[in-house]
Amino acid sequence: MIERQRRTKILATLGPATDAPGVLDDLFRAGVNVVRLNFSHGDPSGQAKRAAEVRAAANRVGVEVGILADLPGPKIRIERFAGGKVQLKAGDRFDLIASADAAPGDASQVGVSYLGLPQDVGPGDVLLLDDGLMQLQVVEVQGERIINTVLNDGVLSDRKGLNKQGGGLSLGALTERDKELIGIVAKIGVDFIAVSFCRNAQDMNDARAIAQQHGCDAALVSKIERTEAIENLEEIVEASDVVMVARGDLGVEIGDAELP
């Protein structure tokens with residue numbers, strides 16, 4: 001058994017690059033303590049296979065390695081463009097269409113995955129696309145159509161993420177897919193479940209209740225990546241076993257200078 005005295009732990013995200021024979025053994029010998037299975041990508045059966053390989057490799061190396069299942073959460077994205085991408089210029093009008101029937105996008109508009117977005121935004125709000133590389137300012141909301149002015153030149157391509165500067169989106173942390181995945185990761189036997197885009201203690205309590213329904217006592221990790229989570233940090237900490245500051249999405253919403 002390899003003895004480790006470090007207080008700081010190393011978490012490694014697994015993917016195709018770590019599937020080759022011997023890679024996990026090398027990672028664990030190098031000091032990895034926890035592996036992350038990202039359920040935003042791949043299929044559950046593939047992640048279950050990786051989890052089994054982690055247990056086997058840890059046994060071979062003689063170390064204990066935790067497995068963290070990272071739930072996708074309610075990531076808001078624009079839909080696809082007819083040509084895959086568009087060039088936008090500052091001052092242009094560019095609309096977001098919150099409709100399941102939105103046509104493929106072009107340089108004037110594109111669909112958005114969150115159909116409740118028109119209720120969460122208003123004139124003057126700034127919407128951040130593609131991790132903030134493209135910025136839009138809301139001019140007017142007309143039903144399912146959000147009329148915006150482009151704030152900077154840039155290229156926007158299919159399925160990029162969308163945030164509202166300063167937060168304020170009412171979308172809950174647990175999607176129906178997340179709830180299904182909690183049951184799946186319970187069967188896999190993970191050690192940690194990460195709840196993405198949590199807003200408050202209730203999001204964490206809901207996730208714990210679902211896990212317990214499946215006989216799962218995995219530790220719950222709250223991912224702090226929304227403005228609302230900062231405002232409710234104390235209650236989230238009390239409802240969580242582990243807290244992770246997801247600096248990428250959080251930095252997009254509140255600005256890098258305000259990151260905790």
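Here is a quick tour of a helix pair, an aromatic pair and one strand residue in this structure. Keep in mind that the model is predicted.

Let's start with the helices. Helix α2 covers residues 44-61 and helix α4 covers residues 176-188; the two pack with their axes 11 Å apart, at an angle of about 30°. Angles under 35 degrees count as roughly parallel, so α2 and α4 are roughly parallel to each other. The crossing of α2 past α4 is right-handed. On the α2 side, Pro 44, Ala 48 and Ala 51 make the contact, and they meet Arg 177, Leu 181, Ile 184 and Ile 188 of α4. Sort those contact residues by type and you get six nonpolar, one charged and no polar.

Next, the aromatic rings. Searching the whole structure turns up one aromatic pair. Its members are Phe 81 and Phe 94, in a tilted arrangement with 6.5 Å from centre to centre and 35° between the planes. Phe 81 sits in the loop between β3 (66-70) and β4 (85-88), while Phe 94 belongs to strand β5 (residues 93-97), so the pair links parts of the chain 13 residues apart.

Last comes Asn 163, which lies in strand β11 (residues 162-164). Leaving aside residues up to four places away in sequence, Asn 163 touches Val 126, Leu 127, Leu 128, Asp 249, Val 252 and Glu 253.

How do these residues stand for burial? Buried means under 20% relative accessible area, and here are the values:

| Residue | Relative accessible area | Status |
|---|---|---|
| Phe 81 | 5% | buried |
| Phe 94 | 0% | buried |
| Asn 163 | 4% | buried |

Conventions. Residues are numbered from 1 along each chain as its sequence is written. This is a predicted model: local features need pLDDT of at least 70, side-chain atom pairs count only at pLDDT 80 or more; totals for chains, interfaces and linings use all residues. Side-chain values use heavy atoms; hydrogens and water are left out. Axes are lines fitted to C-alpha atoms, for helices over the stretch in contact, and angles run from 0 to 180 degrees between N-to-C directions. Helices (H or I, at least four residues) and strands (E, at least two) are DSSP runs, numbered from the N terminus. Angles under 35 degrees count as roughly parallel, over 145 as roughly antiparallel, 65 to 115 as roughly perpendicular and the rest as oblique. A crossing is left-handed if the near helix is turned anticlockwise from the far one by less than a right angle, and right-handed if clockwise. Contact means heavy atoms within 4.5 Å. Ala, Val, Leu, Ile, Met, Phe, Trp, Tyr, Cys and Pro count as nonpolar, Asp, Glu, Lys and Arg as charged, and the others, Gly among them, as polar. Buried means under 20% relative accessible area, exposed over 50%, partly exposed in between (1.4 Å probe, protein chains only). Rings of Phe, Tyr and Trp (its six-membered ring) pair if their centres lie within 6.5 Å; planes under 30 degrees apart count as stacked, over 60 as edge-to-face and the rest as tilted.
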